[in-house]
Amino acid sequence: MARKKAKTKTTTSQKKSVKISFKLSKQQKIVLGSFLFLLGIALMFSFISYFFSWQADQSTLNSLDDRSIEAQNWLNKFGAALGNFFIYEGFGIAAFALAVLVTLTGFYYFFDRPKKSLQAYWFWGIIVMLWFSVFFGFFSERNALLGGMVGFELNDFLQDYLGLIGTILVLAFVAIVYFAVRLKLTPELVGQYLSRKRNAIKTEFNDNDEEVSFEDTAFEKDNIELPVEKLIEEEEEEDLEEPVLKTTPTPVPPKPVVSEAPKAESDEDFEIEIEETVEEEEVEENLSTKLVQDFGEFDPTLELSNYKFPSIELLKDYTQGQSITIDQEELEENKNRIVDTLKNYKIDIAHIKATVGPTVTLYEIVPEAGVRISKIKNLEDDIALSLSALGIRIIAPIPGKGTIGIEVPNKNARIVSMRSAIASPKFQNAEMELPLTLGKTISNETFVVDLAKMPHLLMAGATGQGKSVGLNAILTSLLYKKHPAEVKFVLVDPKKVELTLFNKIERHYLAKLPDTEEAIITDNAKVINTLNSLCIEMDNRYDLLKDAMARNIKEYNAKFRRRKLNPNDGHKFLPYIVLVIDEFADLIMTAGKEVETPIARLAQLARAIGIHLIVATQRPSVNVITGIIKANFPARIAFRVTSKIDSRTILDSQGADQLIGRGDMLFTQGNDLVRVQCAFVDTPEVEKITDFIGSQKAYPDAHLLPEYVGEEGGTSLDIDASDRDALFMEAAEVIVTAQQGSASLLQRKLKLGYNRAGRIIDQLEAAGIVGPFEGSKARQVLVSDLNALHQQLNNE
Ligand SMILES: Nc1ncnc2c1ncn2[C@@H]1O[C@H](COP(=O)(O)OP(=O)(O)OP(=O)(O)O)[C@@H](O)[C@H]1O
């Protein structure tokens, strides 16, 4: 009210309104805002019900302090008093403007909106209220409530001095001022509006044709706003200056509050207010935000929204009732032997500490000053002999600790169940893209790593040491953490028996080539096609990422979820693809370079687009794990191997030959070696999990990889010599020189894509330079040397 008074005063003296600024804290604004907002609503309720109950409540007004008397007003005596004060003794029906203004003020304070426009609302709101009050004053004799006492008195006052006609003219003038100044209505605008209306509906508005002559296209925008402005005219107020800004800044959505904002009477903070409101509203118009508002973020899991993750109960607890037992006697015995052995070699120990793991106990030794570490390292075999145990590993020094570690296998090894690894908080709370729990470390901590960060994994170990269990543990981890929409597996299993169980989840989790029956690949020839298809998928994904300006699959999928990418442009949610090859040695032996090349290519490039490789082999020899493969697989797991050389091949250091088998493994991600006891998951458990998943609603088919037409697909021999590839001659020379008819050779030597190399091979076959396709073997070269080749081609 104070503000209201201030305003009326300033306007009568033809001055601009004084800027009133309350320095309220955020909390105070919220409290004040909500109070005013609710007060406004209360006024509204009391006013409305006053019209129905004012007669009945007359008597209560004089006995407000009497609790026994009840009023009929919705707000009881308080409401009756308010209604009487503002409507009967005040402004009549126009008092509603006051309720609206109070509510609006509460809203402004609550949301801490700029107050400048609020002043304009109050200024014009009071004028509108007085106007209506005086206007209804004409009808006071019939109904005193319409104009209230103020309306009646003012009307009477005006009529005493100006007469009835004069009063009507004054009211008309004020109305014109309001329309012209506050609503910026000009005859042109009205004309345009009416002509549009007339054209649109062609009805009664035809009468107003004199206004149609006003044509001005520059006002088109304002036209759009006209209906909105009209609707709100009774409650809103504005300043006279800056008419252009008033109508243009906000089209329809910002609605009254925003479009009025610029009109405040003083110019000081004017621009800031416009910027703030207009820009906020523009952002809302963004299509992706709107889509997200309307439909929420894209949820890739929606198609299988009822999918249930397997429960922990499906896994067996192998350690039931058998917590980690510390055998004091064994510890003491081992300690004494270590100390004695070292003493024999004149090595004194300052301190020794033991950490008991599931299969191995780590003795950490701090030697006396002056002892050379290499001396202890050289005693590895002697210590093993004195402890009469297999699998002693000496870590000298333990990185980051300044101690020397001696790992000694426990007499009674304990199985680490997959159940405990999956149930561990470390795995459950892992915020990783592709979390894997591999087992437990020597300090009994669950070991969790992110496959997406590795980004590929090489696994090696002699037969029977736990590789297949390790692969199952990895796959199980992903099944427990990832929805079928988020990850797909491509399984290659030349042994044909290890991964067959996963067939049951084909339509949930597996990916395959189109037109193939079995999703799990057991045939080596098909592996080549699948690998090449993955390369095509990789290229396609890179194109999508480039188009979406995303650097990796995570960013891409995040954008897709936020509906920033249009599916009509080929964008789709990209699941991670995990390629698992169980017996790599077998594959390399039968298909050689044909597999190595695409694998190397995938390993080099696929990390960013979410294709991850897990390659396991029994024979970690250099012709299986070649330099190029090794270079691209920084993360490695070594189960027990038979020789130091194998250990070096897989880990670049010894150690894997000293493991004890049965899931005892070393993990490295490029630097430190971590000894982990692999979690044990047995075939029946995997079967239960796959049964559980397989029995649920699935996608119509396995995830389809892009089609790849292999060499066997293009054996048409009627290729015209003129249609030959530009590199045909060079390719023929490469093939004849190497005496090896394979497309991958051409790819490498001539840096070609798979498809082009395949086509050239077909052309070479048509020209009689190489023989027909022979499955996984390279084609036979039918020309013995370059001379013979040139002769043959010249004779064509
Ligand atoms: N983490 C483990 N904990 C306990 N025992 C294990 C573990 N891993 C493997 N074993 C034991 O070792 C046996 C052989 O394991 P697995 O079949 O995984 O060997 P592998 O390396 O895959 O052999 P192959 O290469 O011949 O298939 C299992 O049947 C199991 O008894």
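**Loops, burial and backbone angles**

Me: Where does Asn444 sit in this predicted model, in terms of the strands around it?

Reply: Let's start with the neighbours: the model is predicted, and β5 covers 435–441. Residue Asn444 belongs to neither strand, as its place is in the loop between β5 (435–441) and β6.

Me: Is Asn444 buried or exposed, or something in between?

Reply: A residue needs 20 or more other C-beta atoms within 10 Å to be buried, and 12 or fewer to be exposed. Asn444 has 14 of them, so it falls in between and counts as partly exposed.

Me: What's odd about the backbone of Asn444, and what is its phi?

Reply: Most residues other than glycine have a negative phi. Asn444 isn't a glycine, yet its phi is positive, near 65°.

Me: Which peptide bond here is cis, and what is its omega?

Reply: Most peptide bonds are trans. The bond in question runs into Pro455, which sits in the loop between β6 (446–450) and β7. It starts from Met454, and the Met454 to Pro455 bond is cis with omega near -5°.

Me: Where is Gly466, which UniProt lists for "binding site", relative to the helices and strands?

Reply: The "binding site" listing comes from an unreviewed UniProt entry, and Gly466 is among its residues, along with Gly461 and Lys467. In the model, Gly466 lies in the loop between β7 (457–460) and α18 (467–481).

Me: And is Gly466 buried or exposed?

Reply: The buried cut-off is 20 or more other C-beta atoms within 10 Å. Gly466 has 25, so it counts as buried.

Me: Which residues does Gly466 touch, leaving out those up to four places away in sequence?

Reply: One of them, Gly461, is also on the UniProt list. The full set for Gly466 is Gly461, Phe639, Arg662, Gly663, Met665 and Cys678.

Me: What is the phi of Arg662, one of those contacts of Gly466?

Reply: Arg662 is in the loop between α25 (644–651) and β13 (664–668). Because Arg662 has 18 C-beta neighbours inside 10 Å, it counts as partly exposed. Although Arg662 is not a glycine, its phi is positive, at about 50°.

Me: Which helix holds Ser468, and is Ser468 buried or exposed?

Reply: Ser468 is also on the UniProt list, and its place is in helix α18. With 21 other C-beta atoms within 10 Å, Ser468 counts as buried.

Me: Zooming out, what share of the protein's residues count as buried?

Reply: The protein has 30 helices and 15 strands. Of its 796 residues, the buried share is 41%.

Terms used
Residues numbered from 1 in each chain as written. Predicted model: local features only at pLDDT ≥ 70, side-chain atom pairs only at ≥ 80, totals over all residues. Helix = DSSP H or I, 4+ residues; strand = E, 2+ residues; numbered from the N terminus. UniProt positions renumbered as here; feature names shortened; annotations may be inferred. Contact = placed C-beta atoms within 7 Å.
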